[in-house]
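Student: Got a minute to go through the pockets and the ligand site with me? Let's pull it up.
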Amino acid sequence: MAKGRPMISESDLKLSESLGKIKHVIIVISGKGGVGKSTVSSNLALSLAMKGLRTGIMDVDIHGPNIPKMFNLENEQMLVEDEKLVPVMASNGLKVMSMAFLLPEKDAPVAWRGPVKMGAIRQFLEDVAWGELDYLVVDMPPGTGDEAISIIQLIPKADGMVVVTTPQDVALLDSRKSIVFSAQVKIPIIGIIENMSGFICPHCGERSDIFKTGGGERTAKEMDIQFLGRIPIEPAIVISSDSGTPIVASAPDSISAKAFMDIADKVIRTIG
Ligand code: ADP
């Protein structure tokens, strides 16, 4: 090897081959679990696919890989072609890849030691045949600690991160942590989404603010970050996720579905 030329490992080559035909990578993070990160990831990815964009969703939430459930793909078998893993196809041509497809026991990796976990994720990233994609949405594990930093460093050329938060103050603290995280991993924040913001009554359709809302927007303003939108607590979101069709497809006229579509437009405008 010529002096001064950086060493490229076989693993790096495989990674750039696997992710090479993807135009944009969007990483979805949250400060803690249960704020709706996977719900946002799946609805954002499906919104992009429904707009005719070639989209994939990659679930690296090793602690609770529940993206297959959101698309009713839990019993799908992973296909291998030319020694590569072939993503499973959801509606609108959305390509889905999840650690869950590879795990015999769902929660086994939680017990894995750090290096084993990272090795598994890296191999998973290297060995997927995504093909040509306009957007790849990555559903990260919750949190902004060391594990998230290690995982994100395995994903080259991410365009930016979408932060999911809820109106409660604790979660807002988490969104501030995400801003510190962004600086640590050197990936810009595309914007903040305030999920579970107000409640839409399933009977009268009226909205009531059961928690303090608007905190996500306030934090965004304070931190000079784009506010992407708010998603209300809507019982239809739970039903649609549990039945395997995210709300953007199952109830496209609902307030939440329209909010997700608007958010997808803002993301497209922001990263091109
Ligand atoms: P996370 O990925 O952050 O752990 P999930 O996306 O799995 O969170 O969501 C946790 C639970 O909350 C799920 O049952 C999901 O259906 C529900 N949920 C998420 N967002 C909403 C919302 N806006 N309205 C109602 N339920 C929601």
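Student: Start with the second largest pocket: how do the residues of its lining divide by class?
Tutor: They divide into 4 nonpolar, 8 polar and 3 charged. Here Ala, Val, Leu, Ile, Met, Phe, Trp, Tyr, Cys and Pro count as nonpolar, Asp, Glu, Lys and Arg as charged, and the others, Gly among them, as polar. Keep in mind that this is a predicted model, where local features need pLDDT of at least 70, side-chain atom pairs count only at pLDDT 80 or more, and totals for chains, interfaces and linings use all residues. Residues are numbered from 1 along each chain as its sequence is written, and side-chain values use heavy atoms, with hydrogens and water left out.

Student: Which residues lie nearest the centre of that pocket?
Tutor: Gly34, Lys37, Ser38, Asp61 and Asn66, out of 15 that line the second largest pocket. A pocket is an open set of points on a 1 Å grid over the protein atoms alone, where a 1.4 Å probe fits, with protein on both sides within 12 Å along at least five of seven lines; lining residues have an atom within 4 Å of a point.

Student: And which element gives the largest share of that lining?
Tutor: H2, with 3 residues. Helices (H or I, at least four residues) and strands (E, at least two) are DSSP runs, numbered from the N terminus.

Student: OK, switching to the ligand. Which residues are closest?
Tutor: Gly34, Lys37, Ser38, Thr39 and Pro232, among 16 that surround the ligand (a heavy atom within 4 Å).

Student: What polar contacts does Pro232 make there?
Tutor: A backbone N or O atom of Pro232 is 2.8 Å from a ligand nitrogen; the cut-off for such a pair of N or O atoms is within 3.5 Å. Another ligand contact goes to Asn195, where a side-chain N or O atom is 2.9 Å from a nitrogen of the ligand. Ser38 uses a polar backbone atom, 2.8 Å from a ligand oxygen.

Student: Which elements supply the shell?
Tutor: Helix H2 (37-50), strand S9 (189-200), strand S11 (227-233) and helix H8 (235-243) each supply at least two residues.

Student: Which pocket is the ligand's space?
Tutor: The largest one, by the rule that more than half of the ligand's atoms lie within 2 Å of the grid points.

Student: What's closest to the centre of that one?
Tutor: Thr39, Met196, Ile237, Val238 and Ser241, of 15 lining residues. H8 gives the most to this lining, with 5 residues.

Definitions and conventions
A polar contact is a pair of N or O atoms within 3.5 Å; within protein, one must be able to donate a hydrogen and the other to accept it, and residues adjacent in sequence count only if both atoms are side-chain atoms.
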